[in-house]
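Subject: Structure for your review

Dear colleague,

Please find the structure below, followed by an account of what was found in it. I would be grateful if you read the text with the model open beside it.

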Amino acid sequence: MSKHIQRILILGGPGSGKSTLARAVANRLGLPCVHLDQIYWLPGWVEQTEGQIQAATRQAADADCWVIEGNYSDSWEYRAERANLIVSLDMPRGLRMWRIFKRTLRHYGQSRPDMTPGCPERMSWEFLRFAWGYDADGRNKMAALLDRWQERRQVLCLGSRAEVRKFLDGI
């Protein structure tokens with residue numbers, strides 16, 4: 001990976017490994033890591049207002065260097081404009097759902113490292129339906145985003161654990 005890459009946007013469906021990859025990339029490159037769930041949620045699973053989310057996301061993206069992970073599509077275009085590299089994790093649904101169950105069991109009742117403190121891990125049918133339905137809606141929206149930006153930014157689509165390992169090994 002080129003040394004001029006200082007702003008990396010990581011996108012993908014729920015359970016695709018965005019947070020894990022963002023931490024690994026940020027650690028290897030010495031860049032700050034921004035988890036959008038920490039911007040979106042206040043303690044107690046209270047959503048920030050749309051204005052607060054947009055302002056905080058723009059502030060994060062305006063920094064000189066970062067790894068930002070998260071799907072909040074309202075800010076995709078702005079983050080893509082600021083990014084040097086856009087990484088899309090397009091993992092199979094079965095793997096994503098398995099990871100969601102695994103992380104829920106591992107962190108149940110506690111806040112995950114990539115989540116706002118005071119937002120304990122929980123299982124909800126609403127989130128599971130959203131995660132399951134990602135292939136029908138979110139994947140298409142993300143593909144359209146990548147198509148719009150592939151001529152203007154370096155875009156990398158990783159569709160397996162092996163591809164993610166190869167990407168990390170190249171850093």
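A residue is called buried when its relative accessible area is under 20%, exposed when it is over 50%, and partly exposed in between. Asp90, with a relative accessible area of 29%, is therefore partly exposed. Please note that this is a predicted model.

Overall fold

The protein chain contains eight helices and seven strands. Its radius of gyration is 15 Å, which agrees with the value near 16 Å that a compact globule of 171 residues would have. The C-alpha trace spans about 40 × 35 × 30 Å along its principal axes. Of the 171 residues, 43% count as buried. When contacts between residues at least 6 apart in sequence are considered, 73% of them join residues at least 24 apart. The chain exposes about 9100 Å², and carbon and sulfur atoms supply 53% of that area.

Charges and salt bridges

The chain carries 25 positive and 19 negative charges, whose mean positions are 6 Å apart. Side chains of opposite charge can pair when their charged atoms come close. With a salt bridge taken as a side-chain nitrogen of Lys or Arg within 4 Å of a carboxyl oxygen of Asp or Glu, the count comes to eleven salt bridges.

Asp90, introduced above, takes part in one of them: its side chain meets that of Arg139, at 2.6 Å from N to O. This pair links distant parts of the chain, since Arg139 belongs to helix H7 (residues 138-149) and Asp90 to the loop between strand S6 (85-89) and helix H5 (93-107), 49 residues apart. Arg139 has a relative accessible area of 25% and is therefore partly exposed.

A further salt bridge joins Arg96 and Asp135, with the closest N and O atoms 2.8 Å apart. Arg96 lies in helix H5 and Asp135 in the loop between helix H6 (125-133) and H7, so this pair ties together parts that are 39 residues apart in sequence. Both Arg96 and Asp135 are buried.

Asp114 and Arg112 also form a salt bridge, their closest N and O atoms being 3.1 Å apart. Asp114 counts as buried because its relative accessibility is 5%, and Arg112 is buried with a relative accessible area of 7%. Salt bridges that share partners join these two residues with Asp37, Arg103 and Glu121 into one network.

Two further residues

Which side chain of opposite charge is nearest to Arg79? It is Glu69, at 7.6 Å; Arg79 is buried yet has no salt bridge. Arg79 lies in helix H4 (residues 76-82). Leaving aside residues up to four places away in sequence, Arg79 touches Leu9, Leu11, Leu36, Thr57, Ala61, Trp66, Ile68, Gly70, Asn71 and Tyr72.

Trp45 is placed in the loop between strand S3 (41-42) and strand S4 (46-47). Although Trp45 is not a glycine, it has a positive phi of about 60 degrees. Its relative accessibility is 18%, so Trp45 counts as buried.

With kind regards

Key: Residues are numbered from 1 along each chain as its sequence is written. This is a predicted model: local features need pLDDT of at least 70, side-chain atom pairs count only at pLDDT 80 or more; totals for chains, interfaces and linings use all residues. Side-chain values use heavy atoms; hydrogens and water are left out. Helices (H or I, at least four residues) and strands (E, at least two) are DSSP runs, numbered from the N terminus. The radius of gyration is taken over C-alpha atoms; the globule rule is 2.2 Å times the number of residues to the power 0.38. Buried means under 20% relative accessible area, exposed over 50%, partly exposed in between (1.4 Å probe, protein chains only). Contact means heavy atoms within 4.5 Å. Accessible areas come from the Shrake-Rupley method with a 1.4 Å probe; for residues, only the protein chains shown count as cover. Lys and Arg count as positive and Asp and Glu as negative; His and the chain ends are not counted. The place of a charge is taken as NZ of Lys, CZ of Arg, CG of Asp or CD of Glu.
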